[in-house]
Amino acid sequence: MVLDIDDFNPQLEKLLRFAVVVIGSEVFAQLLNQNTNYLEAAQQISHFDPRTVVFTLGSRGCFVGKKINILSNRLFLYQ
């Protein structure tokens, strides 16, 4: 399942558990960790086990984190 998120709410946690790809806005990333550290935000999302996390950054492109190993929460990052 691909999950495209603009804003965080507690009920999203139920859906995050089923997502293979999570796409979030820059605002969503900021809500997760109170700043614009996209790596930290992606790591928070990775605990729900999606294989890929994407934050859209408007005209600046996007941040993509992809799991290196399905058995680990380590991310391989593209910017």
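Is Ser 46 buried or exposed? In this predicted model, Ser 46 is buried, with a relative accessible area of 1%. The residue belongs to helix H3. Its side chain makes a polar contact within that part of the chain: the backbone oxygen of Gln 43 is reached at 2.7 Å.

The overall fold comprises three helices and five strands. Read from the N terminus, the order of elements is β-α-β-α-α-β-β-β. The protein has 79 residues, of which 37% are buried. The exposed area of the protein is about 5000 Å², and 54% of this area is supplied by carbon and sulfur atoms. When contacts between residues at least 6 apart in sequence are considered, 29% of them join residues at least 24 apart.

Aromatic contacts were examined next. Four aromatic pairs were counted in the model. One of them is formed by Tyr 38 and Phe 55, whose ring centres are 6.2 Å apart and whose planes meet at 40°. The pair is classed as tilted because this angle falls neither under 30 degrees, as stacking requires, nor over 60, as an edge-to-face arrangement requires. Tyr 38 is part of helix H3 (residues 38–46), whereas Phe 55 is part of strand S3 (residues 52–56), so the ring pair ties together parts that are 17 residues apart in sequence. Both partners fall under the 20% cut-off for burial. Tyr 38 has a relative accessibility of 10%, and for Phe 55 the relative accessible area is 0%. Ring pairs also join these two residues to others, giving a cluster of Phe 28, Tyr 38, Phe 55 and Phe 63.

Phe 55 also appears among the contacts of Ser 25. Ser 25 is located in strand S2 (residues 21–25) and is buried, at a relative accessible area of 14%. With residues up to four places away in sequence set aside, Ser 25 touches Ile 5, Asp 6, Phe 55 and Thr 56. The contact with Asp 6 includes a polar one, in which the side chain of Ser 25 reaches the backbone oxygen of Asp 6 at 3.3 Å. Ser 25 is also brought to a C-alpha separation of 6.9 Å from Leu 57, although their positions lie 32 residues apart in the numbering.

Charged side chains were then considered. Side chains of opposite charge can pair when their charged atoms come close. A search of the whole structure returned one salt bridge. This salt bridge joins the side chains of Glu 26 and Arg 60, with an N to O distance of 2.3 Å. Glu 26 is in helix H2 (residues 26–33) and Arg 60 is in the loop between S3 and strand S4 (62–67), so the salt bridge ties together parts that are 34 residues apart in sequence. The two partners fall in separate accessibility classes. Glu 26, at 21% relative accessibility, counts as partly exposed because its value is not under the 20% limit for burial. Arg 60 counts as exposed, since its relative accessibility of 53% is over the 50% limit.

On the surface, a nonpolar patch is formed by Met 1, Leu 15 and Phe 18. Together these residues present about 320 Å² of accessible area. Leu 15 is placed in helix H1 (residues 12–16). With a relative accessible area of 39%, Leu 15 is partly exposed; this value is over the 30% required of patch residues, so Leu 15 is eligible for the patch. Apart from neighbours within four places in sequence, Leu 15 is in contact with Met 1 and Leu 3. Met 1 is thus both a patch member and a contact of Leu 15. Leu 3 is twelve residues from Leu 15 along the chain, and the C-alpha atoms of the two are separated by 7.9 Å.

Definitions and conventions. Residues numbered from 1 in each chain as written. Predicted model: local features only at pLDDT ≥ 70, side-chain atom pairs only at ≥ 80, totals over all residues. Heavy atoms only, no water. Patch = residues over 30% accessible without salt bridge, like charges linked within 9 Å, V, L, I, M, F, W, Y side chains within 5 Å. Areas by Shrake-Rupley, 256 points an atom, 1.4 Å probe, with all protein chains shown as cover. Salt bridge = Lys/Arg side-chain N within 4 Å of Asp/Glu carboxyl O. Helix = DSSP H or I, 4+ residues; strand = E, 2+ residues; numbered from the N terminus. Buried < 20%, exposed > 50% of the residue type's maximum accessible area, 1.4 Å probe, protein only. Contact = heavy atoms within 4.5 Å. Polar contact = N/O pair within 3.5 Å; in protein donor to acceptor, adjacent residues only side chain to side chain. Phe/Tyr/Trp six-rings, centres within 6.5 Å; stacked < 30°, edge-to-face > 60°.
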